[in-house]
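Biologist: Could you take me on a close look at one part of this model, the surroundings of the second ligand? I would like to see how that spot fits into the rest of the fold.

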Amino acid sequence: MVASWLPVPARDAHKYRRGRALLVAGSRAYPGAAVLAARAAQRMGAGYVELAVPDGLEASFAVAAPSLVVRGRHDWQSRWRADGAGPAGAPANDVEEPPLRAICVGPGFDAQGDADESRSLVLQALSCPVPVLVDGGGLTALCDAEGLRLVRRRFERGLDTVLTPHAGEAARLAACVGLEGSAAEAEDAPDRRALDLARAWGAVVCLKGPDTYVAAPARSQEAFPGASALPVRAMRWGGPELAKAGTGDVLAGMIAGLMAQGTPASRAAFAGACVHALAGSEAARRGSVVSVIPEDVLDALPAALNALLMS
Ligand SMILES: NC(=O)C1=CN([C@@H]2O[C@H](COP(=O)(O)OP(=O)(O)OC[C@H]3O[C@@H](n4cnc5c(N)ncnc54)[C@H](OP(=O)(O)O)[C@@H]3O)[C@@H](O)[C@H]2O)[C@@H](O)CC1
Ligand SMILES: Nc1ncnc2c1ncn2[C@@H]1O[C@H](COP(=O)(O)OP(=O)(O)O)[C@@H](O)[C@H]1O
């Protein structure tokens, strides 16, 4: 079933038809996360991947990853209309520019060091009427009343939002919506915790860990055809080779890359997690479970995709 959720390019595809994704990622503290996420979006098939990075660092990113379209944050922000598209705002796409299909915001944000900038970038991304994924430091920046209000409002408007917390970030998201229960309880029933978070935030929640749980808010129940009554699915593939800093940034870019190609949010999150885990296993097979680094996961991604598509 997961294989059927993966987009395959049409014979007459061109780069824009294969989906334009924007990654607002990286900081002076954590620049590498931005490249990992953007590379992953490309590898999952997105045809045109843009990266909005801290001003002044554009050239370094462009050299590190020449096929990415790199812009400074200031340039990106100035392209947004302050009005004209209703209270939520919209990106000021020029006439000749194809529409954005998905935004990934937050991998590599320094939510403590650059708290104000991180928050403003996350809120700005959420005001855009396209699927938005929030990850990493972006999740920490999201956790206040205004962030919650914006995500819920997107849900009411039928706009997909995906949140990809690890256990620590999930605890922050839970505290923000006043979810009861200790960390231990959350650990005992992670599927329940993912579902509670999804419903409270009005977002698809991909709760990462040794097992990963993808839960959808009620509206998206149909997004897991053939699944159990509750809109939550467990993904138990993969192993400890993935327990290295940066693999979560890869996963965020993968899911955003799928959404940019039109895969609905909950399927993109689940399929992304499956391919991510398979790529980790493939990387471990090529080397060793000990030595895998996130770059190896990116390198193994095409083989993992192929294995799923051929299955
Ligand atoms: N190459 C790069 O540029 C990289 C950049 N990166 C970027 O760095 C930014 C900060 O992200 P971050 O995850 O390092 O820090 P943060 O959000 O403060 O959470 C950490 C605290 O949460 C807790 N915790 C509980 N469970 C946990 C779990 N399962 N996994 C992890 N933590 C868990 C734990 O606290 P404890 O429970 O131990 O008290 C821990 O102290 C973010 O933008 C990210 O994208 C990284 O991706 C690495 C590669
Ligand atoms: N022991 C494990 N077994 C399987 N997958 C794991 C394990 N540890 C971590 N992972 C996966 O690795 C990724 C780590 O993401 P995250 O904690 O956000 O790291 P980072 O922020 O450093 O990129 C997640 O997709 C998680 O599910």
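Modeller: Gladly; here is a walk from the ligand shell out to the sheet and back to the other ligand. Please keep in mind that this is a predicted model.

Let us start with the shell itself. Ligand 2 is surrounded by 18 residues, and the closest are His166, Lys208, Leu242, Ala243 and Gly248. Sorted by class, this shell holds 10 polar, 6 nonpolar and 2 charged residues. Helix 10 (residues 247-260) makes the biggest contribution to the shell, giving 4 residues.

Two of those closest residues, Lys208 and Gly248, also turn up in a record. An unreviewed UniProt entry places the feature "binding site" at Lys208, Gly209, Pro210, Asp211, Thr212 and Gly248. Those positions span 41 residues in sequence, but no two of their C-alpha atoms are more than 13.3 Å apart, so they gather at one spot.

Now take the two residues one at a time. Lysine 208 sits in the loop that links strand 7 (204-207) to strand 8 (212-215). It has 26 C-beta neighbours inside 10 Å, and a residue is called buried from 20 upward, so lysine 208 counts as buried. Leaving aside residues up to four places away in sequence, lysine 208 touches Thr164, Pro165, His166 and Gly248. Glycine 248, for its part, belongs to helix 10. With 24 C-beta neighbours inside 10 Å, glycine 248 is also buried. Under the same exclusion of residues up to four places away, glycine 248 touches Asp135, Gly136, Thr164, His166 and Lys208. Thr164 and His166 are thus among the contacts of lysine 208 and among those of glycine 248.

The loop of lysine 208 leads us into the sheet. Strand 7 and strand 8 form a hairpin with 4 residues between them, and they pair in the antiparallel sense over 3 bridges. In that pairing, cysteine 206 has valine 214 of strand 8 as its bridge partner. On its other pairing, strand 8 is joined to strand 9 by 4 bridges, again antiparallel, with tyrosine 213 standing opposite alanine 234 in strand 9. In a regular strand, side chains alternate between the two faces of the sheet. Strand 8 is covered on both faces: Thr212 and Val214 are buried on one side, Tyr213 and Ala215 on the other.

Stepping back, these strands belong to an open, mixed sheet of 9 strands in the order 3-2-1-4-5-6-7-8-9. Strand 3 (69-72) and strand 9 (232-235) are at its edges with a single partner strand each, so one side of each has no neighbour in the sheet. From one strand to the next, the twist averages 15°.

Finally, a look at the other ligand. Around ligand 1 there are 18 residues, of which Tyr30, Gly32, Gly136, Gly137 and Gly168 come nearest. Helix 1, helix 5 (137-142), helix 7 (167-176) and helix 10 are the elements giving two or more residues to this shell, and helix 7 has the largest share, with 3 residues. By class, the shell around ligand 1 has 6 nonpolar, 10 polar and 2 charged residues. Helix 10 therefore links our two stories, since it gives residues to the shell of ligand 2 as well as to that of ligand 1, where "helix" refers to a DSSP run of at least four residues.

Notes. Residues numbered from 1 in each chain as written. Chains lettered and ligands numbered in written order. Predicted model: local features only at pLDDT ≥ 70, side-chain atom pairs only at ≥ 80, totals over all residues. Near = placed C-beta within 6 Å. Nonpolar A, V, L, I, M, F, W, Y, C, P; charged D, E, K, R; others polar. Pairing = 2+ DSSP bridges. Axes fitted to C-alpha atoms, helices over the stretch in contact; angles between N-to-C directions. UniProt positions renumbered as here; feature names shortened; annotations may be inferred. Buried ≥ 20, exposed ≤ 12 C-beta atoms within 10 Å, placed from the backbone. Contact = placed C-beta atoms within 7 Å.
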